Amino acid sequence: MVRPMYGNGAGMGWMWFIGPIMILLIVLVVVLLVRSSGGGTNRGSGSAPPPGPGTGRTRAQEILDERYARGELTDEEYQDRLRQLGGDTNR
């Protein structure tokens with residue numbers, strides 16, 4: 001009787017476990033490399049950064065400015081709401 005070199009045909013059974021483990025390890029390494037290079041998900045809150053020092057603008061005023069710039073507010077509405085927020089009316 002001829003025997004396979006790995007012994008009774010049972011020697012390759014461990015490959016069923018090693019193959020998926022190797023694939024998972026490769027995927028894990030790729031994910032870690034992408035995240036470490038800055039290509040991962042954004043961990044910020046998604047909102048714009050706070051106003052810089054010296055700007056004197058609150059987030060509410062910045063939102064109002066953005067809405068005015070998009071044309072959602074008329075000049076009168078913008079000035080009125082800015083006045084209500086206590087901001088300047090010279091914009």
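This report describes the helices, burial, salt bridges and surface patches of one predicted protein chain.

## Basis of the model

The structure is a predicted model, in which local features need pLDDT of at least 70 and side-chain atom pairs count only at pLDDT 80 or more, whereas totals for chains, interfaces and linings use all residues. Residues are numbered from 1 along each chain as its sequence is written, and side-chain values use heavy atoms, with hydrogens and water left out.

## Overall architecture

The chain holds 3 helices and 0 strands, and its elements follow the order α-α-α from the N terminus on. Helices (H or I, at least four residues) and strands (E, at least two) are taken as DSSP runs and numbered from the N terminus. Helix α1 covers residues 15-36, helix α2 covers residues 59-69, and helix α3 covers residues 75-85.

Of the 91 residues in the chain, 11% are buried, where buried means under 20% relative accessible area, exposed means over 50%, and partly exposed lies in between (1.4 Å probe, protein chains only). Among contacts with a separation of 6 or more, 22% join residues 24 or more positions apart, a contact being heavy atoms within 4.5 Å.

## Buried residues of helices α2 and α3

L64 has its place in helix α2 and is buried, at 6% relative accessibility. When neighbours within four places in sequence are left aside, the contacts of L64 are with L73, Y78, R81, L82 and L85. L64 is also 9.9 Å from E77, C-alpha to C-alpha, across 13 residues of sequence.

One of the residues that L64 touches is Y78, which lies in helix α3 and is buried, with a relative accessible area of 2%. Y78 and R67, which are 11 residues apart in sequence, have their C-alpha atoms 8.7 Å apart.

## Salt bridges

A search of the whole structure finds 4 salt bridges, each defined as a side-chain nitrogen of Lys or Arg within 4 Å of a carboxyl oxygen of Asp or Glu. R59, E62 and E66 are linked in a network of such bridges. Within this network, R59 pairs with E62 at 3.3 Å, N to O, and R59 pairs with E66, with the closest N and O atoms 3.5 Å apart. E62 and R59 both belong to helix α2 and stand 3 residues apart, about one turn of the helix.

The members of the network differ in how they are covered: E62 is buried at 18% relative accessible area, R59 is partly exposed at 32%, and E66 is partly exposed at 35%. Another salt bridge joins the side chains of E72 and R67 at 2.9 Å, N to O. In that pair, E72 is partly exposed at 42% relative accessibility, and R67 is likewise partly exposed, at 28%.

## Surface and patches

The chain exposes about 7,700 Å², of which carbon and sulfur atoms supply 63%; accessible areas come from the Shrake-Rupley method with a 1.4 Å probe, and for residues only the protein chains shown count as cover. Patches are built from residues with over 30% relative accessible area and no salt bridge, like charges being joined within 9 Å and nonpolar side chains (Val, Leu, Ile, Met, Phe, Trp, Tyr) within 5 Å.

A nonpolar surface patch of about 970 Å² is formed by M15, W16, F17, I18, I21, M22, L25, L28 and L32. W16 of this patch lies in helix α1 and is exposed, with 72% relative accessibility.

A patch of negative charge on the surface brings together D75, E76, E77 and D80. For this purpose Lys and Arg count as positive and Asp and Glu as negative, while His and the chain ends are not counted; the place of a charge is taken as NZ of Lys, CZ of Arg, CG of Asp or CD of Glu. D80 lies in helix α3 and is partly exposed, at 35% relative accessibility.
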